[in-house]
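User: I have a structure open here and I'm new to it. Can you take me through it?
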Amino acid sequence: MTVDMTASLHGLIGGVLIGLSATWLMITLGRIAGISGILGTLITARPKGDSGWRLAFLLGLLSGPAVVILAGGGLGNVAGQAGAVIGAPAGGVATMLVAGLLVGVGTGIGSGCTSGHGVCGLARLSPRSMAATLVFLAVAVVTVFVVRHVMGGGA
Amino acid sequence: MAYIAGLLFGLGLAISGMTDPARVLGFLDVAGDWDPTLMFVLGGAVVTNFFGYRLAMRRPNPLFASAFQLPTRRDLDGRLLGGAALFGVGWGLSGYCPGPAFASVSGLTLPLAAMLAAMVVGWFIARRV
């Protein structure tokens, strides 16, 4: 284990920004900042009169990393260089297809992901979000253990 | 308003390194060279938002909408926990949860495009099960 103080500090700063984002969306529009809900509902249900804010949020979400890249990665990004802001995928197309399907189905029937259940649900002290967050964190840890240390794969 | 929220979110993800799946997987790999960064990200976000939500809820309604739209259910059921478990497997395989995956579109690669497409298919399937 290596505790990289710079990475930890940037993690904390980034985390506070994410928290402020969720607070801002609640104070202004009264909405939960859950990405799977915002994006998933927009695509699968196309709710009339309830799509504009979703599009605006997603546009902002895309702009964030782009701004950091345009600033040469200099806005305190951990990697410190533009090319490394968006990291390389951990697996090939086949792995990512399976992973994407699981993430989609899972966040769909489980009503949320790391942002909706994690960032927003935990802050609301929601018992459902606490349980969901514990489950997906634990299962993800086991998955990585199996892939890296049991199967010995490169992912 | 929503654009500002999205921008803050995307900046937070990029600055904290969460748009790099290697860093996320480094956190999940507790038996390897453990990287605690994600703990600081989630901790910083939850604590900030905890106080932020308390401040927001002092108002009877949001600044630019008629009402706060909050989930009201408090019971645990199979769909919640089963869904969370499936999501956990997908997250562990890829190092991407929906936020970072979508936020990384400006650095799109073929595997990421495949993941996003499959994720959308998954959301459609979830509506039917």
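User: How many residues does each chain put into the contact between chain A and chain B?
Analyst: This is a predicted model. In it, the contact takes 108 residues from chain A and 106 residues from chain B.

User: Which elements of chain B give two or more residues to the side that touches chain A?
Analyst: They are α1 (2-16), α2 (21-28), α3 (37-56), α4 (78-94), α5 (98-103) and α6 (110-128) of chain B.

User: And which one gives the most?
Analyst: That is α6(B), with 17 residues on the side of chain B that touches chain A.

User: How do the residues on that side of chain B divide into nonpolar, polar and charged?
Analyst: There are 70 nonpolar, 28 polar and eight charged residues on the side of chain B that touches chain A.

User: OK, back up a bit. What is chain A made of, in helices and strands?
Analyst: Chain A has six helices and zero strands. From the N terminus on, its elements run α-α-α-α-α-α.

User: What share of chain A is buried?
Analyst: Of its 155 residues, 57% count as buried. As for contacts in chain A with a separation of 6 or more, 42% of them are between residues 24 or more positions apart.

User: Same for chain B: how many helices and strands?
Analyst: Chain B has six helices and zero strands, and along the sequence the pattern is α-α-α-α-α-α. Buried residues make up 56% of the 129 residues in chain B. Residues 24 or more positions apart account for 38% of the chain B contacts with a separation of 6 or more.

User: What does the C-alpha trace of chain B span?
Analyst: Along its principal axes the trace spans about 45 × 35 × 30 Å.

User: Let's go to helix pairs. At what angle do α4(A) and α4(B) cross?
Analyst: Their axes cross at roughly 155° and come within 7 Å. Angles over 145 degrees count as roughly antiparallel, so α4(A) is roughly antiparallel to α4(B).

User: Is the crossing left-handed or right-handed?
Analyst: α4(A) passes α4(B) in a left-handed crossing.

User: Which residues make that contact?
Analyst: From α4(A), they include A:Thr95, A:Met96, A:Val98, A:Ala99, A:Gly100 and A:Leu102. From α4(B), they include B:Arg79, B:Gly82, B:Gly83, B:Ala84, B:Leu86 and B:Phe87. By class, the contact of α4(A) with α4(B) has 13 nonpolar, nine polar and one charged residues.

User: Now α2 of chain A. Which of its residues are buried?
Analyst: In α2(A), which covers residues 35-45, the buried ones are A:Ile35, A:Ser36, A:Gly37, A:Ile38, A:Leu39 and A:Gly40.

User: What covers them?
Analyst: The cover includes α3 (52-70), α4 (93-109) and α5 (114-123) of chain A, together with α5 and α6 of chain B.

User: How does α2(A) cross α6(B), then?
Analyst: The two axes come within 10 Å and cross at roughly 75°. That makes α2(A) roughly perpendicular to α6(B). The contact is made by A:Gly40, A:Ile43 and A:Thr44 of α2(A) and B:Val120, B:Trp123, B:Phe124 and B:Arg127 of α6(B). A:Gly40 is also among the buried residues of α2(A).

User: How does that contact split by class?
Analyst: The contact of α2(A) with α6(B) has four nonpolar, two polar and one charged residues.

User: What comes just after α2(A)?
Analyst: A:Arg46 does, and it takes a positive phi of about 40°.

User: Switching topic: what domains does chain A have?
Analyst: The domain assignment gives domain 1 (1-87) and domain 2 (88-155). In chain A, 11 residues of domain 1 are in contact with nine residues of domain 2.

User: Which element gives the most to the domain 1 side?
Analyst: α2(A) does, with four residues on the side of domain 1 that touches domain 2. That side divides into five nonpolar, six polar and no charged residues.

User: Last one, inside chain B. How do α2(B) and α3(B) cross?
Analyst: Their axes come within 8 Å and cross at roughly 95°. The two helices are therefore roughly perpendicular to each other. B:Arg23, B:Val24 and B:Phe27 of α2(B) meet B:Thr37, B:Leu38 and B:Met39 of α3(B). By class, that contact has four nonpolar, one polar and one charged residues.

Note on methods: Residues are numbered from 1 along each chain as its sequence is written. Chains are lettered from A and ligands numbered from 1 in the order in which they are written. This is a predicted model: local features need pLDDT of at least 70, side-chain atom pairs count only at pLDDT 80 or more; totals for chains, interfaces and linings use all residues. Two residues are in contact if their C-beta atoms, placed from the backbone, lie within 7 Å. Ala, Val, Leu, Ile, Met, Phe, Trp, Tyr, Cys and Pro count as nonpolar, Asp, Glu, Lys and Arg as charged, and the others, Gly among them, as polar. A residue is buried if 20 or more other C-beta atoms lie within 10 Å of its own, exposed if 12 or fewer, and partly exposed in between; C-beta atoms are placed from the backbone. Axes are lines fitted to C-alpha atoms, for helices over the stretch in contact, and angles run from 0 to 180 degrees between N-to-C directions. Angles under 35 degrees count as roughly parallel, over 145 as roughly antiparallel, 65 to 115 as roughly perpendicular and the rest as oblique. A crossing is left-handed if the near helix is turned anticlockwise from the far one by less than a right angle, and right-handed if clockwise. Domain bounds come from an automatic or database domain assignment.
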